Each structure stands twice: as C-alpha cells, then as structure tokens.
Amino acid sequence: MKLYSAPGSCSSAAHICLLETGLDFALVKVDLGGDRRLPDGRYLNDINPKGYVPALELDNGEVLTENVAVLQYIADQKPESGLAPANGTLARYRLQEWLGFVNSEVHKTLGLLFNPKLAEVAKPALLEKFGQRAAYLDQHLAAHQYLMGDQFTVVDAYLYIVLGWCPMLGADLTPYPRLNAYLTRVAQRASVKAATGG
Ligand SMILES: N[C@@H](CCC(=O)N[C@@H](CS)C(=O)NCC(=O)O)C(=O)O
C-alpha cells in the first residue's frame, strides 16, 4: 500500500492508522502548498483527480480516496488492531456515525477557515458552529476514554488531527476540559507521535 499524505493535513490520520496496524506501507509526502508534484514526476491529480489527500494506492493499483473510506479500509486490513468494530455490527454503524460527524461537522467546518478567500464576516458563525460541535464532543468524552468507548479507533486518529488545527484557526479549545484530556491521551500513542513528529 502507498499513502499519499500531506503531513499535518487530515491525511495524517490514515498515517497514524497504518502505523497502528503494523502493516507494510510506503508514505508519499505531498506538498499541498507547492505544485503537488510527486517524487516520481507525476502530480497529485494523476493519483486523485479530485486533487486532494488522503489517497491510498492499493497493492492491485486501485486508488481509494475519502477519509471515511480510507480509514475503514486500513482498519479492515488488520481487524485484530481494534481500529474498527466488525462489519455488519451496530458498533460499526456507530463508528460510521462518528466518522460522518468528524468529517462533515468538524473537519469541514474548520477546513473552511483555512480558505484565504473566506470573508472575515463569515468567521464568527463558523467558529460558533465549531464551538457547538466541540461542546458535544466534550460532553460525550465525560463518560468515555475514546469516541467509541474504551477502544482507540480510526475516528480518534481523525478527530485528533483535525482538532490540531484549532490554534492556527483561532478556534479556542480551553472551554472543553474533557476534550483536552482526550487529546492529551491520544497524543501519547506511539503511532501519533511517529506520524506527527511529536
Ligand atoms: N472529502 C475529502 C476531503 C479531504 C481534504 O479536505 N483534504 C485536504 C487536506 S486536509 C486537501 O488535500 N486539500 C487540498 C485541496 O483541496 O486542494 C475527505 O474527506 O477525504
């Protein structure tokens, strides 16, 4: 497997999860701020015509994109890692529920704030929406170590990475003590340290 990833971007979640599985993979770093040319001379668009990371090239040459699919695929390559509950169980749908929440409510709300073309006037409304999502997470984590309970799963890697953007975006996490404790817990994992240089 080959992961096309930009360190610090959402694709680092897939990097963390690959490290958690212990599977063999190659990491191809993509500079999103540059011309997105890859070491082999191709461009990111040649791998993912949608033009973004993560992209996971499978051993049969197929390319899988979208965090929600990529993360679950990685987890399913090593079920004993516990990164995802078994397919077909209610717990798996709960994981997908969380993945949907992190993807569309957290990642994409924060992601808009990176856009230099975003009007200043739009920022408070986005930050307010983010605050509501953070408060919900904080409340959930009062009774749980990780989003799915006692087990670290792919969605924790995803949430950890996107919440890491908060200081750059002016999104204040100090009102959410349980969320902060959770981030500290996740940060201690060897896979997270290795993928983020922590
Ligand atoms: N819908 C995609 C979005 C992925 C995404 O937002 N990737 C960002 C990095 S966090 C990216 O590559 N942005 C570059 C661009 O859109 O041009 C997913 O959920 O995987």
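Visitor: What are the helix and strand percentages over residues 1–82, and how many Å lie between the end C-alpha atoms?

Guide: In this predicted model, residues 1–82 are 30% helix and 17% strand, with the end C-alpha atoms 20 Å apart. UniProt, in an unreviewed entry, gives that stretch the feature "domain: GST N-terminal".

Visitor: What makes S1 and S2 a pair of strands?

Guide: Happy to show you! Pairing takes at least two bridges found by DSSP. Strand S1 (residues 2–5) and strand S2 (residues 26–29) have four bridges, so they count as paired, and their sense is parallel. Tyr4 has Val28 of S2 as its bridge partner, and Ser5 stands opposite Lys29.

Visitor: Why is the β-α-β crossover from S1 to S2 called right-handed?

Guide: Picture the strands pointing away from you: a clockwise path from the first strand over the helix to the second earns that name. Here the chain goes from S1 through helix H1 (residues 12–21) to S2, and the crossover is right-handed, so the path runs clockwise in that view.

Visitor: How do you know that S1 also pairs with S3?

Guide: The same cut-off of at least two bridges applies. S1 and strand S3 (residues 55–57) are joined by three bridges, so this is a pair too, running antiparallel. Leu3 has Leu56 as its bridge partner in S3.

Terms used:
Residues are numbered from 1 along each chain as its sequence is written. This is a predicted model: local features need pLDDT of at least 70, side-chain atom pairs count only at pLDDT 80 or more; totals for chains, interfaces and linings use all residues. Side-chain values use heavy atoms; hydrogens and water are left out. Helices (H or I, at least four residues) and strands (E, at least two) are DSSP runs, numbered from the N terminus. UniProt positions are given in the numbering used here, feature names are shortened, and annotations may be inferred rather than shown by experiment.
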